[in-house]
Amino acid sequence: MNLKLESSDFVHMGEIPKRFTCDGEDVAPALSWSNLPAGTQSLALIVDDPDAPDPAAPKLVWVHWVLYNIPASFTGLPAAAEKLPVGALHGLNDWKRTGYGGPCPPIGRHRYFFKLYALDAVLPDLDNPDKSQLENAMAGHVIGHAELIGTYQH
């Protein structure tokens, strides 16, 4: 069985509701996961947009959320995710702040990749890492990966 990532707020490749974007409350959608690989010690979540700034001519991947050391005993995060599981740590998104930053595409319909990683270790406190610092720390520890893609356009 493969690691599975879902949301009760949108379907894979479906539209992310306005509530979870800069046009709404700008809170994180609910996420749930199942089928963790044996040996999973923690989980990491990266949400990014490879279509920035314009899907017709993307120039960069914009990072919306970096979260790690989610305990393997958890099966998801509620909408808004105001209170994280004990032990979970934030990294920095591309607004240079911690926490979730919702879709806010300047032009066109963008894709938002919610990427969940099962790790065979609990990572040290990386002091608000950015996406690349977290990916470097995860290297050699990823034992499972799942992806959920949502789309949004103003």
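What does Arg111 count as by relative accessibility: buried, partly exposed or exposed? The solution to Exercise 1 gives the answer.

The model is predicted: local features need pLDDT of at least 70, side-chain atom pairs count only at pLDDT 80 or more, and totals for chains, interfaces and linings use all residues. Residues are numbered from 1 along each chain as its sequence is written, and side-chain values use heavy atoms, with hydrogens and water left out.

**Exercise 1. Determine the accessibility of Arg111 and describe its salt bridge.**

Step 1. Arg111 has a relative accessibility of 32% and counts as partly exposed. The classes are buried (under 20% relative accessible area), exposed (over 50%) and partly exposed in between, with a 1.4 Å probe and protein chains only.

Step 2. The partner of Arg111 is Asp51, with 2.8 Å between the closest N and O atoms. A salt bridge is a side-chain nitrogen of Lys or Arg within 4 Å of a carboxyl oxygen of Asp or Glu.

Step 3. Asp51 belongs to strand β4 and Arg111 to strand β8 (residues 110-119), so this pair ties together parts that are 60 residues apart in sequence. Helices (H or I, at least four residues) and strands (E, at least two) are DSSP runs, numbered from the N terminus.

Step 4. Asp51, at 6% relative accessibility, counts as buried.

**Exercise 2. Set out the salt bridges of Lys131 and Glu25, and state the total found in the structure.**

Step 1. The search of the whole structure gives 6 salt bridges.

Step 2. Lys131 and Asp48 form one of them, at 2.6 Å from N to O. Lys131 is part of helix α1 (residues 131-138) and Asp48 of strand β4 (residues 42-52), so parts that are 83 residues apart in sequence are tied together by the pair.

Step 3. Both partners count as buried: Lys131 has a relative accessibility of 16%, and Asp48 has 3%.

Step 4. Asp48, Lys115 and Lys131 are joined into one network by salt bridges that share partners.

Step 5. Glu25 pairs with Arg19, with the closest N and O atoms 3.3 Å apart. Here Glu25 is exposed at a relative accessible area of 51%, whereas Arg19 is partly exposed at 34%.

**Exercise 3. Characterise the surroundings of Ser7.**

Step 1. Ser7 lies in the loop between β1 (4-6) and β2 (14-15), and counts as buried at 13% relative accessibility.

Step 2. The Ser7 side chain reaches the backbone nitrogen of Asp9 at 3.0 Å. A polar atom of the same residue's side chain lies 2.6 Å from the backbone oxygen of Ala30.

Step 3. Apart from neighbours within four places in sequence, Ser7 is in contact (heavy atoms within 4.5 Å) with Pro29, Ala30, Leu31 and Leu148.

**Exercise 4. Trace the strand pairing around β4 and in the sheet that contains β1.**

Step 1. Strands of a sheet pair through backbone hydrogen bonds, either parallel or antiparallel. Two strands pair if DSSP finds at least two bridges between them.

Step 2. β4 pairs with strand β5 (residues 60-71) in the antiparallel sense over 8 bridges, and with β8, also antiparallel, over 7 bridges.

Step 3. Leu43 illustrates both pairings: its bridge partner in β5 is Ile70, and in β8 Leu43 stands opposite Ala118.

Step 4. Of the 11 residues of β4, 10 are buried, so this strand is largely enclosed by the rest of the structure.

Step 5. An open sheet of 3 strands has the order β1-β3-β6, with antiparallel pairing. β1 and β6 (76-77) stand at its edges with a single partner strand each, so one side of each has no neighbour in the sheet.

Step 6. Within this sheet, 3 bridges join β1 to strand β3 (residues 31-34), and Leu5 stands opposite Trp33 in β3.

**Exercise 5. Summarise the chain as a whole.**

Step 1. The chain has 1 helix and 9 strands, in the order β-β-β-β-β-β-β-β-α-β from the N terminus on.

Step 2. For 154 residues, a compact globule would have a radius of gyration near 15 Å, and the chain agrees at 15 Å. The radius is taken over C-alpha atoms, and the globule rule is 2.2 Å times the number of residues to the power 0.38.

Step 3. The C-alpha trace spans about 40 × 30 × 25 Å along its principal axes.

Step 4. Of the 154 residues, 46% count as buried.

Step 5. Among contacts with a separation of 6 or more, 73% are between residues 24 or more positions apart.

Technical notes
A polar contact is a pair of N or O atoms within 3.5 Å; within protein, one must be able to donate a hydrogen and the other to accept it, and residues adjacent in sequence count only if both atoms are side-chain atoms.
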